[in-house]
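This report looks at side-chain contacts within and between chains, moving from salt bridges to the interface and then to individual residues.

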Amino acid sequence: MSEHLLETRGLCKSFGALKATDNVSISLKPGEIHAIIGPNGAGKSTLIAQICGGLAPDAGQILMQGRDVTSLTTQARAQAGLGRTFQVSALAMEDTVLENVLLGTLGASGHAWRFWKNASNVRDRLDQAMAALERVGLEKVCDQQTATLSHGQRRQLEVAVALTLEPSAFVMDEPMAGLGAEGTKKMTEFLDGLRDQAPILLVEHDMDAVFALADRISVLVYGQIIATGSVADIRASATVRDAYLGDPA
Amino acid sequence: MIPERFITFAVPAGLFIIAILAFWTDEPFTITLTTRVAILGLAAVGLNIALGIGGLVSLGHAAFFGLGGYAMGILAYHAQTYSPLTLGPLVIEGTKSMPVIWIVAVVTSALAALAIGVLSLRTSGVYFIMITLAFGQMLYYFSVSWSAYGGEDGLSIYLRNEFPGINTLVPIQFFGLCFVLLCLALVLQARLRGSSFGLALNAARQAPARVETVGLNPVRLKLLAFVISGAITGLAGALYADLNRFVSPSMFSWHLSGELIVLIIIGGVGRLVGPVIGAALFVALEHWLGGLTEYWHIGLGAILLGIVLFSRGGVIGFLTGKAGPNV
């Protein structure tokens, strides 16, 4: 077992002449939140897509617990323990909240190939789904249609679905996107407690949240990691300030 | 507003009652019409599994309907001419046994759906519609040029095939057979929809990216749905051929694929008995309006237009006040 639950080594991806990912090596250690920040167009989404399996890198490796998963599909990576949340909620909007979470438990257990027994009557999976909903505080709305949820609740549901996979590492693409001040605060507290269960690779624009949560921060600019370090290091770094943060007020 | 559960039971019950009434009042033609509803309904129930749950708009389901029909036609033709079917070293006797014909129809359509699905599911949206249409048309033109089995003229089967213990030439008995199969298909779909597979398939239609990231393969889910769907439509094709005692390339025609989609839209996409309502309306219009004018499709078009414009969930959506099966 490697010390790193998730790692990229020398990852490269180009679109024509544009180097969207340029020799990126990052890692995720147990118990930490590693934030990736960078201006728009820095290649954050491209990086996430390669880590999660939606996009094949031109060069480099992706490892989960020391195992090379570069050639594995998104599904295989999910089964290997990668829990992902999307920037724009990808949920079955017509289904109930509970059904969305049940879907997660199906994938985790590989039990989607049952054709007769009612999916909501399997006690273990129902308990697991309800437990995930309770963790994010959505247990009261479990029978509501997902489309009726507020934006903030959808973000929470995204996390709940990822939780059901009992992942060894989370990859979260802007979990705070579109949340109000109150919602951001709640999500920050929640993620803070989540890191002990599994470390989080966090892509986030909300700097207050990043500075409050991150154990380490990597700064991505034009596809390159220009700095990695603690919150204090990054705040103090002149390079980062020039490239991204601007002068602190 | 009427609860959907009530409609789910009332519609098949209504169809059954109409057939029984027609039997008592000695109106065999009405029984034939109800049989037609059951069979077209069955074909559309098949399509509804792919289209309604899986979101696969197949404009090529006539391929499976036709394959089922020709499975019946070819087997029965060899039986009635006492000439075995020779495929190289393989010699197959024809048969007049419905259960055997049904199995052949289901297996043939399932295999065809597997092959067509593997290729078609590489695409989505309009391209999926076009590629399924293309496969359907390939089979259509093949059947037109296949002179061994009647080519463009089709094949007549003189006597309806046999089912143990039932005189299939008696309209009400043949109706009973078709009705039971329709009900079995409805039960199957209801169980599928509530099962783990149905949950995952339904999610694969709405959010494929989500399904992938929980470790499931959305294409594989849809492929299986397409195969099950094709098999049921194929079974309906075999029954339809037996109803008419006639098979022709028109069973493969894209009009039929389109009509199956129309039946589902009229009844309500993804609704369990939606296709049966659609089929009942279709057959009723065809019979009554068709008696007045050969342009009866205009009436069907008007109804379709009304439903698309004013009731998003088809007739069932209108009756229940709910636009979708899960709303």
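A salt bridge is here a side-chain nitrogen of Lys or Arg within 4 Å of a carboxyl oxygen of Asp or Glu. The side chains of Asp192(A) and Arg195(A) meet this criterion, with N and O 2.3 Å apart. The model is a predicted one, and the distances and areas below should be read with that in mind.

## Salt bridges

Over all chains, a search of the whole structure finds 11 salt bridges. The table sets out four of them, each with the separation of the N and O atoms.

| Pair | N to O distance |
|---|---|
| Asp192(A) and Arg195(A) | 2.3 Å |
| Arg210(B) and Glu158(A) | 2.8 Å |
| Arg205(B) and Glu94(A) | 3.2 Å |
| Glu7(A) and Arg9(A) | 3.3 Å |

In the pair formed by Glu7(A) and Arg9(A), Glu7(A) has a relative accessible area of 14% and is therefore classed as buried, whereas Arg9(A), at 41% relative accessibility, counts as partly exposed.

Asp192(A) and Arg195(A) also fall into separate classes, since Asp192(A) is partly exposed at 37% relative accessibility and Arg195(A) is buried at 11%. Their salt bridge does not stand by itself: salt bridges that share partners join Asp192(A), Arg195(A) and Asp215(A) into one network.

## The interface of chain A and chain B

Between them, chain A and chain B bury about 2,800 Å², and 62% of this area is on carbon and sulfur atoms. In terms of residues, 34 of chain A are in contact with 30 of chain B.

How many residue pairs are in polar contact between chain A and chain B, taking both residues at pLDDT 80 or more? The count is 13 such pairs. On the side of chain A that touches chain B, the elements giving two or more residues are helix H2 (74-79), strand S7 (82-85), helix H3 (97-109) and helix H5 (151-164). The largest share of that side comes from H3(A), with 7 residues.

The rule finds 2 salt bridges across this interface. One salt bridge pairs Arg205(B) with Glu94(A), whose closest N and O atoms are 3.2 Å apart. Another is formed by Arg210(B) and Glu158(A), with a closest N to O distance of 2.8 Å; this pair crosses between chains, from helix H8 (residues 208-213) of chain B to helix H5 of chain A. Both Arg210(B) and Glu158(A) are buried.

## Two helix residues of chain A

Helix H5 of chain A also holds Arg154(A), which is partly exposed with a relative accessible area of 23%. A polar atom of the Arg154(A) side chain lies 2.8 Å from the backbone oxygen of Ala147(A). Once neighbours within four places in sequence are left aside, Arg154(A) is in contact with Ser89(A), Leu91(A), Met93(A), Thr146(A), Ala147(A) and Leu149(A). Although 57 residues separate Arg154(A) from Val97(A) in sequence, their C-alpha atoms are 9.1 Å apart in space.

Asn100(A) is found in helix H3 of chain A. Is Asn100(A) buried or partly exposed? Buried means under 20% relative accessible area, and Asn100(A), at 2% relative accessibility, therefore counts as buried. Residues up to four places away in sequence not being counted, Asn100(A) touches Leu91(A), Ala92(A), Asp95(A), Thr146(A), Leu157(A) and Val161(A). Leu91(A) and Thr146(A) thus appear among the contacts of Arg154(A) and also among those of Asn100(A).

## A buried loop residue and a nonpolar patch in chain B

In chain B, Asn161(B) lies in the loop between strand S3 (155-156) and helix H6 (171-194), and with a relative accessible area of 0% it is buried. The side chain of Asn161(B) is joined to that of Lys96(B) by a polar contact of 3.5 Å. Apart from residues up to four places away in sequence, the residues that Asn161(B) touches include Met72(B), Ala76(B), Thr95(B), Lys96(B), Met98(B) and Asp242(B).

On the surface, Ile103(B), Val107(B), Leu111(B), Leu114(B), Val118(B) and Leu119(B) make a nonpolar patch of about 530 Å². One of these residues, Leu119(B), lies in helix H4 (residues 98-120) of chain B, and its relative accessibility of 43% places Leu119(B) in the partly exposed class.

Definitions and conventions: Residues numbered from 1 in each chain as written. Chains lettered and ligands numbered in written order. Predicted model: local features only at pLDDT ≥ 70, side-chain atom pairs only at ≥ 80, totals over all residues. Heavy atoms only, no water. Patch = residues over 30% accessible without salt bridge, like charges linked within 9 Å, V, L, I, M, F, W, Y side chains within 5 Å. Areas by Shrake-Rupley, 256 points an atom, 1.4 Å probe, with all protein chains shown as cover. Helix = DSSP H or I, 4+ residues; strand = E, 2+ residues; numbered from the N terminus. Buried < 20%, exposed > 50% of the residue type's maximum accessible area, 1.4 Å probe, protein only. Contact = heavy atoms within 4.5 Å. Buried area = accessible area lost by both parts, 1.4 Å probe. Polar contact = N/O pair within 3.5 Å; in protein donor to acceptor, adjacent residues only side chain to side chain.
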